[in-house]
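Trainee: Please take a close look at one part of this model, the sheet with the helices packed on it. Then follow the chain outward to the other packed elements.

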Amino acid sequence: MKLNDIWTDISGVMGGSKEYLNFDTQKPEALLKRIILASSSTNDIVLDFFLGSGTTTAAAQKLKRKWIGIEIGDYFEYLVLPRMKEVLAGFGKHESCGISKEEKWQGGGFFKYHTLEQYEDALENIEFEKPQKTLYKFSDYFIKYMLEWETKNSKTFLNLDEMKDPFNYKLKIIENYQQKTVNVDLIETFNYLIGLNVSRYEVLQENGRKYVFVFGEKDGKRIAIVWRSIKDIDFEKDKEIIEAKLKEFEPDEIYINGEALVKGFRHIEPEFKALMFKGGM
């Protein structure tokens, strides 16, 4: 059937509907289904810059699309996140409606969500070598000098000393107008920075510490990345553990945080910092 310019065969989502999430601009899943099917194929990536109530990602998941959703509103935590968990579970308060029945949707899949550091968070983590200094009194040139040299060990600019224990790297953030300290996922951040297509993770408890091995590909090369705390480490034992695991994968390139006795590896830290601030401040 040839469609008109105005689609009148799909009803909006109103109060009283099982699909309704009490979100003013919520769209019906049937509408997003039509748009997604008309503009993409199975396994394509669907992107919604203003995710709202999460209808785009819910419909995309049920239609076997990959998806990326972006939302700045705090309702993400209590609206979108629970909704997507129900979608993947295949049941829940709102999962007996929308396009679930017609798509014979029973759940499945996985997703990851990230909270990105905001500009205000970066400012919150600036620390000067001499704490009594302030930015407000100085010219632009001097501010640039101070940010480049006087704050070089601030966590917001990647404090390399703190990366000796990569699973405990923390930043201050502002949430609900209150300051709080949170862990930063350096592993995932580095994967993004180098553009790694991750194939698998492996976690070991050896040598009195946790090891995280990340295996993947980039530009046709097999990449292995090794993370562990190097505080009070036995480097000889460390070498045995890393080489035994890498032998299974036979990587073309190896990245390791901190020092190591493994031959031919690249240090994570300088690569991390160079990619993070590529193009200058």
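**The sheet and its surroundings**

Mentor: Helix α7 (residues 235-249) lies across β5, β6, β7 and β8, and runs at about 35° to β6. The model is predicted: local features need pLDDT of at least 70, side-chain atom pairs count only at pLDDT 80 or more, and totals for chains, interfaces and linings use all residues. Residues are numbered from 1 along each chain as its sequence is written, and side-chain values use heavy atoms, with hydrogens and water left out. Helices (H or I, at least four residues) and strands (E, at least two) are DSSP runs, numbered from the N terminus. Axes are lines fitted to C-alpha atoms, for helices over the stretch in contact (heavy atoms within 4.5 Å), and angles run from 0 to 180 degrees between N-to-C directions.

Helix α6 (residues 186-194) also lies across β5, β6, β7 (221-228) and β8 (253-256), at about 155° to β7. The sheet itself is open and has five strands in the order β5-β6-β7-β8-β9, with mixed pairing (two strands pair if DSSP finds at least two bridges between them). Its edges are β5 (197-206) and β9 (266-267); each has a single partner strand, so one side of each has no neighbour in the sheet. The partnership of β5 with β6 (residues 209-218) is antiparallel and spans nine bridges; Val203 is bridged to Val212 of β6.

Before the sheet in the numbering come β3 (residues 170-175) and β4 (residues 178-183), antiparallel and joined by six bridges. Glu175 faces Gln178 of β4. The two strands make a hairpin with two residues between them, and Asn176 in the turn has a positive phi of about 55°.

Two helix pairs remain. Helices α1 (residues 29-39) and α2 (residues 55-62) pack at about 60°, their axes 9 Å apart. They are therefore oblique to each other (under 35 degrees is roughly parallel, over 145 roughly antiparallel, 65 to 115 roughly perpendicular, the rest oblique). Their contact involves Glu29, Leu32, Lys33 and Ile36 of α1 with Thr55, Thr56, Ala58, Ala59, Ala60 and Lys62 of α2.

Helix α2 also packs on α3 (residues 75-89), at about 10° and with the axes 10 Å apart; α2 and α3 are therefore roughly parallel. Here α2 contributes Thr55, Thr57, Ala58, Gln61 and Lys62, while α3 contributes Arg83, Met84, Val87 and Leu88.
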